[in-house]
Amino acid sequence: MAVAGAGLGGLAAAAALVRQGLEVAVYEQRPRLPEDETALHLAPNGTRVLQRWGLGTQLLALAVQPIALEFREWSDGSLTWRQPLGRMGPGAFAAPYCTLLTDELYDLLLARLPQERIRLGRRLSGFSQTADGVELEFADGGSATADVLVGADGVRSLVRSRLIGTPRRVYHGTTAYSGALQADEVPGLARDRITVWLGPEARMVAAPVSEGEQIGFVAVVPFRSRTAGQRAVRGQPAALAADFGGWAPDVKAITAAAGGIRSWTPYDHAPLKRWGSGRVTLLGDAAHPMLPYHGQGVSQCLEDAVALAHHLATAPTPAQALRRYEALRLPHTARVQLGSRANAFRPAAVPDVTWAQVYDIEEHLPG
């Protein structure tokens, strides 16, 4: 098995395949493994996968388990809505909601893979299918063969473009900023909950990470520039502070302390009608890029990985396995993707989604 891309989706796919006893090689175009100290949210459907893989103890040693998700008025910080988190009841929700640094989850998954399975500096430039497998071509002139190719190569996926073309990007009129700061720099902000301040045109989300010693934040403001991917804008927080100048004191404290931030322009595309053909398929952002309004991007990657590995281990042929994986996952990820998009257009309202709609994983997470 070959996985294109060593981001969180690619590592999750590889870890799931190895867990099923399957041989896998991960091809990453960058010469070094990526580093990312931004915060991420793992909902119960995501943490449940890691628990299934025997990583629950390590995860909880790294992550914060917020007690609640609180929505607050943008101007004065008054509470408008509160959702308790933690272990959210029996059945599918019996797992914690966690916040942690991206690098922490990355290292957790990386520890499950023998280092020789990851091939750095191998940028996929093309592939072709034969009766027995997939021939991979790399930009350095090298090649490789695999039984299956999984495109986990992100929102600008080469595998997707070669399979089905490049979908039209849909921009949503916003620019996003993210970063992390020491919690002591925002002394009035509780370290045991996720806080969302909603304004007429913007929002700020703050979540505790690093045992509550740091606060990770994401701010979404009206559109400034279309930046493909993320770019560092370190030492230039003035524009961010200006956007939130009239907001609640805790929000202004976050923007004042944000010395190193990343900026990107969120976009997605319409749900795909298919993910693959023959022995090739897609996973994660390559298949279903999501706007950051449900906190489900990583959790859906983990679900993809479980389903993919299950079907590759149990179906009669690789092609049948991939079609079963796609049939199981595509309808659900489309619902979550569109739900996240819908929340982008309701910045001043409580999200119109139930936990069950997002976290109901029993019927689309086999094994």
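This briefing walks through the fold, the cores, a helix pair, the salt bridges and a few single residues of one chain. The model is a predicted one. The chain has 367 residues, and 54% of them are buried. Its secondary structure adds up to 10 helices and 20 strands. If you look at contacts between residues at least 6 apart in sequence, 74% of them join residues at least 24 apart.

**Nonpolar cores**

- The largest nonpolar core holds 68 residues, and the members that touch the most others are Leu42, Trp53, Leu105, Leu136 and Leu149.
- Take Leu149 as a way in: leaving aside residues up to four places away in sequence, Leu149 touches Ala2, Ala4, Leu124, Phe127, Val134, Leu136, Val159, Arg279, Val280 and Thr281.
- There is also a second, separate core of 22 residues, with Leu189, Ala219, Val251 and Ile254 among them.

**Helix 4, mostly covered**

- Helix 4 spans residues 102–110, and 8 of its 9 residues are buried.
- The buried residues include the leucines Leu105, Leu108, Leu109 and Leu110, and Leu105 is also one of the residues picked out above for touching the most other members of the largest core.
- Thr102, Asp103, Glu104 and Tyr106 are on the buried list for helix 4 too.

**Helix 1 against helix 8**

- Two packed helices are described by the angle between their axes and the distance between the axes.
- Here, the axes of helix 1 (residues 8–19) and helix 8 (residues 297–314) come within 8 Å and cross at roughly 30°.
- That angle is under the 35 degrees used as the cut-off, so helix 1 and helix 8 count as roughly parallel to each other.
- The crossing of helix 1 and helix 8 is right-handed.
- On the helix 1 side, the residues that meet helix 8 are Leu8, Gly9, Ala12, Ala13, Ala16 and Leu17.
- On the helix 8 side, they are Val298, Cys301, Leu302, Ala305, Val306, Leu308, Ala309 and Leu312.

**Salt bridges**

- The count comes to 13 salt bridges.
- Glu28 and Arg30 pair up through their side chains, at 2.7 Å from N to O. Glu28 is buried, with a relative accessible area of 3%, whereas Arg30 is partly exposed at 36%.
- Arg191 and Asp184 make another salt bridge, at 2.4 Å from N to O. In this pair Arg191 is partly exposed at 33% relative accessibility, while Asp184 is exposed at 57%.
- Asp268 bridges to Arg341, with 3.1 Å between the closest N and O atoms. Asp268 sits in strand 19 (residues 267–268) and Arg341 in helix 9 (residues 318–344), so this pair ties together parts that are 73 residues apart in sequence. Both Asp268 and Arg341 are buried.
- Some of the charged side chains form a network: salt bridges link Glu70, Arg72, Arg82, Asp192 and Arg193.

**Leu163 and its neighbours**

- Leu163 belongs to helix 5 (residues 158–164).
- With a relative accessible area of 15%, Leu163 falls on the buried side, since buried means under 20%.
- Leu163 and Arg274 are 111 residues apart along the chain, yet their C-alpha atoms are separated by 9.6 Å.
- Arg274 is also one of the residues Leu163 touches. Its other partners, not counting residues up to four places away in sequence, are Phe127, Trp275, Gly276, Ser277, Val280 and Leu282.
- Phe127 and Val280 turn up in the contacts of Leu149 as well.

**A loop with positive phi angles**

- Most residues other than glycine have a negative phi.
- Ser210 goes the other way, with a positive phi of about 55°. Ser210 is in the loop between strand 15 (203–209) and strand 16 (214–222).
- Glu211, also in the loop between strand 15 and strand 16, has a positive phi of about 55° too, and it is not a glycine.
- Are Ser210 and Glu211 buried or exposed? Ser210 is buried, at 17% relative accessible area, whereas Glu211 is exposed, at 63%.

Definitions and conventions: Residues are numbered from 1 along each chain as its sequence is written. This is a predicted model: local features need pLDDT of at least 70, side-chain atom pairs count only at pLDDT 80 or more; totals for chains, interfaces and linings use all residues. Side-chain values use heavy atoms; hydrogens and water are left out. A salt bridge is a side-chain nitrogen of Lys or Arg within 4 Å of a carboxyl oxygen of Asp or Glu. Buried means under 20% relative accessible area, exposed over 50%, partly exposed in between (1.4 Å probe, protein chains only). Helices (H or I, at least four residues) and strands (E, at least two) are DSSP runs, numbered from the N terminus. A nonpolar core is a set of buried Ala, Val, Leu, Ile, Met, Phe, Trp, Tyr and Cys residues joined through side-chain atoms within 4.5 Å. Contact means heavy atoms within 4.5 Å. Axes are lines fitted to C-alpha atoms, for helices over the stretch in contact, and angles run from 0 to 180 degrees between N-to-C directions. Angles under 35 degrees count as roughly parallel, over 145 as roughly antiparallel, 65 to 115 as roughly perpendicular and the rest as oblique. A crossing is left-handed if the near helix is turned anticlockwise from the far one by less than a right angle, and right-handed if clockwise.
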